[in-house]
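Trainee: Could you walk me through this one? I'd like to start with the strands and then move on to whatever else is worth a look.

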Amino acid sequence: MKDFLFTSESVSEGHPDKICDQISDAVLDAYLSGDPSSRVACETLVTTDFIMVAGEVTSKTSVDVEKIAREVVKDIGYTSEDIGFNAATAEVQVRLHEQSPDISQGVSEGEGLFKEQGAGDQGLMFGFAIDETPELMPMPIQISQNIMKKMSELRHNGTLSDLLPDSKSQVTIQYIDGKPTRIDTIVVSTQHKEHVEHKALEEMVIEQVIKKTIDASLLKDTKYLINPTGRFVVGGPHGDAGLTGRKIIVDTYGGYGRHGGGAFSGKDPSKVDRSAAYMGRYTAKNIVAAGLAKKAEVQLSYAIGYPEPVSVLVDTFGTGTVSEEEIVKRVLNAFKFSPGNIVKELDLLGKDRKYRDTAAYGHFGREGKTFSWENTGKSSQLKG
């Protein structure tokens, strides 16, 4: 298929599911800061003035989980009594217990059936890259994320003070001959204060967010659907309950690349759901950056406790500049996919890493110290 429309969405840090991802990753950061060997699988639920943090943790350090949860909610902007979710007044319950020792012995180096660190679970993970944007990300998800980041920036700095934290964007790109050519439709739904009229909000979002974020050459005969219900006052956890790990497509490639099904947030790097997905992206991005293909997808799969991947697959969708067999050969020479090596290669336990930074606006196509899997330093080695 060469001529088509493709749509991806993003959500703001105030979306109920994203609140949960950020709390879970902030708890993870706190445990890893005190004890880098911590094993963490932290899940969060939010609803009207209520936060529940549950899961499994094994660590030598102690963490004030309730304090962390309230700080995250406050940072996002839920600080008012009249919107049904307030950092200061929400009830917080914590239900964390130790990780199963049967899992722990398979993951900890030198303890299980295999002496090298094993995978924290079975599963399959995908990494993807494509040359549609400078970030080597699919254009629909990259633009959707950029809209949400811009809206957040303007809300936090007071420029758009009439907006509230919960919002979503959706971008539909028209592809001609397989290449993105224009934006067909942009949807933005944003929570707002009671007094804001729809027409004023529509103009605000189009002029101050969309047109300040997107290259004008892509906005040709674009349809704008801003708060298409006409009103969005009741939102956030008061309008819809949230759960950790429910925005896995927003977190990755917007549906353009495949997903293995495992969520990321709240999981330490021994969980290959997270770490191997990062390694897959790192590998795919370096393949494209090296000019070996216009797009690449890498699948990795693991068995719990086993120290090597069960399978490694590279697919360039017929866009490779050398044979797929040659690309696979170079990949296996340049990258080591054991769980222990992934943590070392990407420095996933480094002191500067803040997993909370990943928990809103996508885990890929980002800049900063945390996003080591976005580096393209292996591309020269892949060129051969």
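Trainee: Which residue is the bridge partner of Glu56 in strand 4?

Mentor: In this model, which is predicted, the bridge partner of Glu56 in strand 4 is His97. That bridge belongs to the pairing of strand 3 with strand 4 (residues 91-97), which runs in the parallel sense over seven bridges.

Trainee: And how does the chain get from strand 3 to strand 4?

Mentor: The connection passes through helix 2 (residues 65-76), and the resulting β-α-β crossover is right-handed.

Trainee: What about strand 2 and strand 3, in which sense do they pair?

Mentor: Strand 2 (residues 39-47) and strand 3 (residues 50-58) pair in the antiparallel sense over nine bridges, and within that pairing Glu43 stands opposite Ala54 in strand 3. The two strands form a hairpin with two residues between them, and Asp49, which sits in the turn, has a positive phi of about 45°.

Trainee: So what is the strand order in the sheet?

Mentor: The order is 4-3-2-9 in an open sheet of four strands with mixed pairing. Strand 4 and strand 9 (242-243) are the edge strands, each pairing on one side only. Strand 9 joins through strand 2, in the antiparallel sense and over two bridges, with Leu45 standing opposite Leu243 in strand 9.

Trainee: Switching to the core, which residues touch the most other members?

Mentor: Ile51 and Ile287 do, in the largest nonpolar core, which has 97 residues. Helix 8 (residues 272-289) supplies the largest share of this core, with nine residues.

Trainee: What does Ile51 touch, leaving out residues up to four places away in sequence?

Mentor: With those set aside, the residues touched by Ile51 include Thr44, Leu45 and Val46, as well as Ala69 and Val73. Also among them are Ile23, Phe85, Ala90, Glu91, Val92 and Gln93.

Trainee: Now helix 5, where is the kink centred?

Mentor: The kink in helix 5 is centred on Ile206 and amounts to about 30°. Helix 5 (residues 198-213) nevertheless reaches 21 Å from its first C-alpha to its last over 16 residues, close to the 22 Å expected at 1.5 Å a residue.

Trainee: Which residues of helix 5 are buried, and what covers them?

Mentor: The buried residues are Leu201, Met204, Val205, Ile206, Val209 and Ile210, so Ile206 is both the centre of the kink and one of the buried residues. Their cover includes helix 4 (139-156) and strand 8 (223-226), along with strand 6 (163-176) and strand 7 (179-192).

Trainee: Different spot: is Gln299 buried or exposed?

Mentor: Gln299, which is found in strand 10 (residues 295-302), counts as buried because its relative accessible area is 18%, and the cut-off for buried is under 20%. Leaving out residues up to four places away in sequence, Gln299 touches Leu124, Met125 and Phe126, and also Ser311, Val312 and Leu313.

Trainee: Last one, why does Gly368 count as partly exposed?

Mentor: Gly368 counts as partly exposed because its relative accessibility is 49%, and exposed would require over 50%. Gly368 lies in the loop between helix 10 (339-345) and helix 11 (379-382), and its C-alpha is separated by 26 Å from that of Val63, 305 residues apart along the chain.

Notes:
Residues are numbered from 1 along each chain as its sequence is written. This is a predicted model: local features need pLDDT of at least 70, side-chain atom pairs count only at pLDDT 80 or more; totals for chains, interfaces and linings use all residues. Side-chain values use heavy atoms; hydrogens and water are left out. Two strands pair if DSSP finds at least two bridges between them. A crossover is right-handed if, with the strands pointing away from the viewer, the path from the first strand over the helix to the second runs clockwise. The expected span of a helix is 1.5 Å times one less than its number of residues. The bend at a residue is the angle between axes fitted to the seven residues ending there and the seven starting there. Buried means under 20% relative accessible area, exposed over 50%, partly exposed in between (1.4 Å probe, protein chains only). Contact means heavy atoms within 4.5 Å. A nonpolar core is a set of buried Ala, Val, Leu, Ile, Met, Phe, Trp, Tyr and Cys residues joined through side-chain atoms within 4.5 Å.
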